[in-house]
Amino acid sequence: MLATDLDGTLVGDKSSLQALLDFYGSQTYEVSLVYITGRHYQSALSLIEEENLPVPDVLITDVGTGIYIGDRLEPDLEWSRRLEKSWTPEKIESIASEVPGLTSQDLPITNRCSYFASDSTVVETFRSKLTKAGIPYKLIYSGGRDVDILPAESGKGQALQYILDKYKLSEAKLLVAGDSGNDVEMLTLGFPSVIVGNAQPELLEQSEHPSIYRAKQKFAGGIHEAWNHFHTD
């Protein structure tokens with residue numbers, strides 16, 4: 001099973017992507033695909049079509065707040081209900097409006113609140129205000145400007161672990177792949193993982209760990225390199 005971020009990881013170099021897909025196609029085993037992206041559902045579907053990607057077995061969107069499963073990528077309602085219990089986007093938006101340097105990202109969804117921050121001090125001010133208000137949340141800061149506020153029990157790592165538990169897949173031959181700060185949670189679950197060669201600085205600063213491989217190759221080439229490193233049989 002390959003559980004991978006899309007932009008900057010699986011997607012970004014067409015030749016290495018095709019080489020990876022050809023490699024998987026030539027194996028005696030079948031590789032299940034889990035796409036885990038910061039994009040919202042429609043945006044992820046558009047990218048899959050534009051890049052002619054295989055339709056995944058599971059699509060995890062919105063930094064781990066949406067899960068879609070099966071041939072028709074139907075929403076996992078159990079996951080949605082779990083996250084809705086403590087989710088208060090109106091309160092979060094109200095607090096965000098009081099933080100100078102924070103600009104709302106215009107997204108057609110309500111299962112996460114996303115912003116652009118002018119610098120890291122703005123992010124810490126926002127974090128402090130949310131905590132003081134007693135609002136359950138998870139804050140993901142990536143790319144030096146993107147701030148995502150998620151339900152406290154969500155995130156890319158939590159969503160992936162949910163899928164592995166739900167379908168009893170924790171013993172699968174698995175590789176997790178990412179390139180940015182919002183991938184940290186899923187890369188540090190303890191499964192074989194790869195930081196691709198073009199990763200953003202915030203991810204390169206992660207501590208060394210035996211389950212995390214730092215690829216020299218970029219994009220899908222880094223995934224291919226790591227697959228050969230972990231799964232040579």
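This report describes selected strands, helices and residues of a predicted model.

## The parallel strands E1, E2 and E3

Strands in a sheet pair through backbone hydrogen bonds, and the pairing may be parallel or antiparallel. Strand E2, formed by residues 33–36, has parallel pairings with two strands described here. Three bridges connect E2 to strand E1, which covers residues 2–4. Within this pairing, Thr4 lies opposite Tyr35 of E2. Three bridges also connect E2 to strand E3, residues 58–61. Here Ile36 stands opposite Ile60 of E3.

Side chains in a regular strand alternate between the two faces of the sheet. In E2, Leu33 and Tyr35 point one way, whereas Val34 and Ile36 point the other way. All of these E2 residues are buried.

## Two right-handed crossovers

Helices link these strands along the chain. Strand E1, helix H1 (residues 14–25) and strand E2 together make a β-α-β unit, and this unit is right-handed. From E2 the chain then passes through helix H2, residues 41–50, to reach E3. This second β-α-β crossover is also right-handed.

## Helix H1 and its packing against H9

Two packed helices are described by the angle between their axes and by the distance between those axes. For H1 and helix H9 (residues 219–230), the axes come within 7 Å and cross at roughly 35°. The crossing of H1 and H9 is left-handed. On the H1 side, the residues that meet H9 are Ser16, Leu17, Ala19, Leu20, Phe23 and Tyr24. Their counterparts in H9 are Phe219, Ala220, Gly221, Ile223, His224, Trp227 and Asn228.

Ser16 offers a detailed view of this region. This residue belongs to helix H1. Is Ser16 buried or exposed? Its relative accessibility is 14%, so Ser16 counts as buried, the cut-off for a buried residue being under 20%. Leaving aside residues up to four places away in sequence, Ser16 touches Lys218, Phe219, Ala220 and Gly221. The side chain of Ser16 also makes a polar contact, at 2.8 Å, with the side chain of Asp13.

## The antiparallel sheet

A separate description applies to four strands that form an open sheet with antiparallel pairing. Their order in the sheet is E6-E7-E9-E8. Which strands stand at the edges? They are E6 and E8 (138–142); each has a single partner strand, so one side of each lacks a neighbour in the sheet. On average, neighbouring strands of this sheet are turned by 30° against each other, with direction ignored.

Strand E8 is joined to strand E9, residues 146–150, by five bridges, and the two run antiparallel. Within this pair, Tyr141 stands opposite Val147, and Leu139 has Ile149 as its bridge partner. Although E8 is an edge strand, four of its five residues are buried, so the strand is largely enclosed by the rest of the structure. The hairpin of E8 and E9 has three residues between the strands, and Gly143 in this hairpin takes a positive phi near 70°.

## An exposed loop residue

Asp106 lies in the loop between strand E6 (102–104) and strand E7 (113–117). Asp106 has a relative accessible area of 79% and is therefore exposed, as the cut-off for this class is over 50%. Asp106 and Lys85 are 21 residues apart in sequence, and their C-alpha atoms are 24 Å apart in space.

Technical notes. Residues numbered from 1 in each chain as written. Predicted model: local features only at pLDDT ≥ 70, side-chain atom pairs only at ≥ 80, totals over all residues. Heavy atoms only, no water. Buried < 20%, exposed > 50% of the residue type's maximum accessible area, 1.4 Å probe, protein only. Pairing = 2+ DSSP bridges. Right-handed = clockwise from strand over helix to strand, strands pointing away. Polar contact = N/O pair within 3.5 Å; in protein donor to acceptor, adjacent residues only side chain to side chain. Contact = heavy atoms within 4.5 Å. Axes fitted to C-alpha atoms, helices over the stretch in contact; angles between N-to-C directions. Left-handed = near helix turned anticlockwise from the far one by under 90°.
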